[in-house]
Amino acid sequence: MPITKQASKKLRHDRAITKQNTKNKATLKSLVKKARKSPTQKSITTATSALDKAVKRHLIHKNAAARTKSRLSKLLKK
C-alpha cells in the first residue's frame with residue numbers, strides 16, 4: 001500500500017486510467033472483430049479509424065495497428 005499522500009493519489013489516478021484503457025481496448029477489439037466477420041467498406045473504415053486513435057492514445061503499438069489494418073484491407077479485396 002502507498003505510504004505517502006501523493007502515492008495514494010497516484011494509485012487512484014492509475015486505477016482510473018487503467019479502467020479507461022480497458023474500456024477503450026474492449027471497444028477496439030469489438031470493432032475489429034466486427035470488421036473481420038463482415039468486411040464492408042464502412043466497418044473497415046471505422047475499425048481503421050479506431051486503430052489510429054488507439055495508437056494516438058498509446059494503447060497499442062503503431063506497427064500492430066498497421067498490421068491489423070493491412071489484414072483488414074486484404075479481407076476487403078477478396
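## The loop residue His58

His58 is found in the loop between α2 and α3, in a structure that is a predicted model. Its phi is positive, about 65°, although His58 is not a glycine. Most residues other than glycine have a negative phi. His58 is also exposed, with a relative accessible area of 72%, and in the order of the chain this residue comes after helix α2.

## Overall architecture

The protein has three helices and zero strands, and from the N terminus on its elements run α-α-α. Along the principal axes, the C-alpha trace spans about 60 × 20 × 15 Å. The radius of gyration is 17 Å, whereas a compact globule of 78 residues would have a value near 12 Å.

Buried residues make up 17% of the 78 residues in the protein. The protein exposes about 6500 Å², and carbon and sulfur atoms supply 57% of that area. Among contacts between residues at least 6 apart in sequence, 45% join residues at least 24 apart.

## Helix α1

Helix α1 covers residues 5-37. At 1.5 Å a residue, its 33 residues should span 48 Å, and the C-alpha atoms at its ends are indeed 48 Å apart, so the expected and modelled spans agree. The buried residues of α1 are Leu28, Val32 and Ala35, and what covers them includes α2 and α3.

Ser30 is also found in helix α1, but with 41% relative accessibility it counts as partly exposed, because a residue must fall under 20% to be called buried and over 50% to be called exposed. Ser30 and Ala16 are 14 residues apart in sequence, and their C-alpha atoms are 22 Å apart in space.

## Helix α2

Helix α2 comprises residues 41-56, and these 16 residues should span 22 Å at 1.5 Å a residue; the C-alpha atoms at its ends are 23 Å apart, which agrees. Its buried residues are Ser43, Ile44, Ala47, Ala50, Leu51 and Ala54. Seen down the axis of α2, these buried residues fall within an arc of 125°, so they line one face of the helix. An α-helix has 3.6 residues a turn, so residues three or four places apart point the same way.

On the other side of α2, Gln41, Lys42 and Lys56 are exposed. What covers the buried residues of α2 includes α1 and α3. For one of those buried residues, Ile44, the contacts can be named: leaving out residues up to four places away in sequence, Ile44 touches Ala35, Pro39, Leu72 and Leu76.

## Helix α3

Helix α3 covers residues 62-77. Its 16 residues should span 22 Å at 1.5 Å a residue, and the distance of 23 Å between its end C-alpha atoms agrees with this. The buried residues of α3 are Ala65, Thr68 and Leu72. Viewed down the axis of α3, they fall within an arc of 70°, so they line one face of the helix. These buried residues pack against α1 and α2, while on the other side of α3, Lys62, Lys74 and Lys77 are exposed.

Thr68, which lies in helix α3, has a relative accessibility of 16% and therefore counts as buried, the cut-off being under 20%. When its neighbours within four places in sequence are left aside, Thr68 is in contact with Val32, Arg36 and Leu51.

## The nonpolar core

The largest nonpolar core has eleven residues in all: Leu28, Val32, Ala35, Ile44, Ala47, Ala50, Leu51, Ala54, Leu59, Ala65 and Leu72. The elements that give two or more residues to this core are α1, α2 and α3, and α2 gives the most, with five residues.

The contacts described above can be read against this list of core residues. Ile44 touches Ala35 and Leu72, among others, and Ala35 and Leu72 are both included in the core. Thr68 is in contact with residues including Val32 and Leu51, and these two residues are likewise among the members of the core.

Methods: Residues are numbered from 1 along each chain as its sequence is written. This is a predicted model: local features need pLDDT of at least 70, side-chain atom pairs count only at pLDDT 80 or more; totals for chains, interfaces and linings use all residues. Side-chain values use heavy atoms; hydrogens and water are left out. Helices (H or I, at least four residues) and strands (E, at least two) are DSSP runs, numbered from the N terminus. The expected span of a helix is 1.5 Å times one less than its number of residues. Buried means under 20% relative accessible area, exposed over 50%, partly exposed in between (1.4 Å probe, protein chains only). The arc is that of the directions from the helix axis to the C-beta atoms. Contact means heavy atoms within 4.5 Å. The radius of gyration is taken over C-alpha atoms; the globule rule is 2.2 Å times the number of residues to the power 0.38. Accessible areas come from the Shrake-Rupley method with a 1.4 Å probe; for residues, only the protein chains shown count as cover. A nonpolar core is a set of buried Ala, Val, Leu, Ile, Met, Phe, Trp, Tyr and Cys residues joined through side-chain atoms within 4.5 Å.
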